[in-house]
Structures are given as structure tokens and as C-alpha cells.
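Good morning, and thank you for joining. I should like to take you through one protein model, beginning with its charged pairs and then turning to its strands and its interior.

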Amino acid sequence: MMKGLTYLGCLVLVFGCGHKNEAFKSGTFQIIENDSIVGELYRFGNYQIEKYPGRELIARIEYKTDSSCLMHGIEKDPMGIDTIVWLNKFKETSKGNFLINATPYNVNVDYMYEGMLLKIDEGIDERNLNRLDSLNESLKFK
């Protein structure tokens with residue numbers, strides 16, 4: 001009886017508390033809004049690159065839990081996106097498909113972004129991966 005309870009306790013720890021979904025933390029994703037693909041996202045470590053037609057954004061990621069993070073936009077001239085920190089909450093709705101809810105974290109604005117990330121590749125193309133590696137390396141020295 002005691003062996004059975006010990007075994008059950010170990011299973012709960014391994015598969016309950018210890019199991020985290022890391023699928024949204026790296027890879028190549030499509031950004032989907034209103035059932036349309038609006039851009040691509042490359043995420044690795046504590047940075048992501050978002051590419052939209054005619055525009056590119058870079059964000060530093062500060063993971064809070066296995067399903068939430070703070071996003072700090074990075075711009076050469078911090079006038080817009082760089083001033084707002086976003087609290088992003090992720091929920092996997094199916095394998096590789098994540099619902100995102102983002103709200104301003106550092107300002108009192110009544111706004112919520114809702115969208116989807118669809119993971120299309122575990123990897124990242126060499127050019128974007130090199131840029132993300134460089135950004136992550138620079139974070140180590142701050």
C-alpha cells in the first residue's frame with residue numbers, strides 16, 4: 001500500500017508540477033488575426049523577431065510562468081512600441097496552436113490584443129537565428 005502511494009506521488013510530481021509546455025518558447029510561427037496570416041515570428045531564448053509586410057519588430061521576452069511573459073519592444077528610436085510593456089498569456093488550443101492575449105502591463109490602458117500563433121517549424125532559418133543568438137549574447141553582458 002505504501003509503495004503504491006509513493007509511486008502515485010512520484011507520478012503526480014513528474015507529470016503534474018514538473019511538466020511544462022516549452023513549445024511556444026522557440027521556433028518559427030505564423031501570426032494569425034481574424035483567420036488570416038498577418039506575419040511571421042521567430043523566437044529563441046529571450047528574444048523574438050516579428051515580420052510583417054514592410055515592417056519588422058524585435059521584442060525582449062521575460063518569462064514569468066510556463067504560460068505568460070512580459071514583452072519589451074525594441075526600437076532604434078524609442079517613440080512607440082518601446083514605451084509599452086505587454087503581458088502576454090498563452091494557451092495551447094491544439095498541438096502547435098497558441099491563443100495569445102496581450103494587455104499593457106506598465107500603463108493603465110483599456111486594450112487587449114487577441115491573436116493566434118501557429119508553430120510551423122521547430123527550427124529557425126540561419127539568418128534570423130544568428131540575429132537572435134547575437135541578441136541573447138548581448139543580454140548576458142547587461
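**Salt bridges first**

Across the whole structure, a search finds four salt bridges, a salt bridge being a side-chain nitrogen of Lys or Arg within 4 Å of a carboxyl oxygen of Asp or Glu. Before I go through some of them, a word on conventions. This is a predicted model, in which local features need pLDDT of at least 70 and side-chain atom pairs count only at pLDDT 80 or more, while totals for chains, interfaces and linings use all residues. Residues are numbered from 1 along each chain as its sequence is written, and side-chain values use heavy atoms, with hydrogens and water left out.

Side chains of opposite charge can pair when their charged atoms come close. One such pair is Arg-131 with Glu-56, at 2.6 Å from N to O. Arg-131 belongs to helix H2 (residues 126–140) and Glu-56 to strand E4, so this salt bridge ties together parts that are 75 residues apart in sequence. Helices and strands here are DSSP runs, of at least four residues (H or I) and at least two residues (E) respectively, numbered from the N terminus.

Glu-56 also forms a salt bridge with Lys-51, where the closest N and O atoms are 3.9 Å apart. How exposed are these partners? Accessibility is classed as buried under 20% relative accessible area, exposed over 50%, and partly exposed in between, with a 1.4 Å probe and protein chains only. Glu-56 is partly exposed at 35%, Arg-131 is partly exposed at 25%, and Lys-51 is partly exposed at 23%.

A further salt bridge links Lys-64 and Glu-62, at 3.0 Å from N to O. Both partners are partly exposed: Lys-64 has a relative accessibility of 46%, and Glu-62 has a relative accessible area of 27%. Through shared partners, salt bridges join Lys-51, Glu-56 and Arg-131 into one network.

**The overall fold**

Let me now step back to the whole chain. The protein has two helices and eight strands, arranged along the sequence as α-β-β-β-β-β-β-β-β-α. Of its 142 residues, 31% are buried. The exposed surface comes to about 9,400 Å², with carbon and sulfur atoms supplying 57% of it; these areas come from the Shrake-Rupley method with a 1.4 Å probe, and for residues only the protein chains shown count as cover.

How do the strands pair? Strand E8 (residues 113–121) pairs with E1 in the antiparallel sense over five bridges, where pairing requires that DSSP finds at least two bridges between two strands. Within that pairing, Ile-32 has Met-116 of E8 as its bridge partner. E8 also runs antiparallel to E7, and six bridges join the two; here Phe-98 is partnered with Leu-117.

**The interior**

Phe-98 and Leu-117 appear again in the largest nonpolar core, which has 14 residues; they are listed among those with the most contacts inside it, together with Phe-29, Leu-41, Cys-69, Met-71 and Phe-90. A nonpolar core is a set of buried Ala, Val, Leu, Ile, Met, Phe, Trp, Tyr and Cys residues joined through side-chain atoms within 4.5 Å. The elements giving two or more residues to this core are E1, E4 (55–65), E5 (68–74), E6 (85–94) and E7 (97–104), and E7 provides the largest share, three residues. Apart from this core lies another, of six residues, including Tyr-47, Ile-58, Ile-124 and Leu-132.

Ala-23 sits in the loop between helix H1 (2–17) and E1. Which residues does Ala-23 touch, leaving aside those up to four places away in sequence? They are Phe-29, Phe-98 and Lys-119, a contact meaning heavy atoms within 4.5 Å. Ala-23 is partly exposed, at 22% relative accessibility.

**One turn of note**

Finally, I draw your attention to the loop between strand E1 (27–33) and strand E2 (36–44), where Asn-34 is found. Asn-34 has a phi near 50°, a positive value in a residue other than glycine. Asp-35 lies in that loop between E1 and E2, and its phi, near 65°, is likewise positive in a residue other than glycine. Asn-34 is exposed at 75% relative accessibility, and Asp-35 is exposed with a relative accessible area of 80%.
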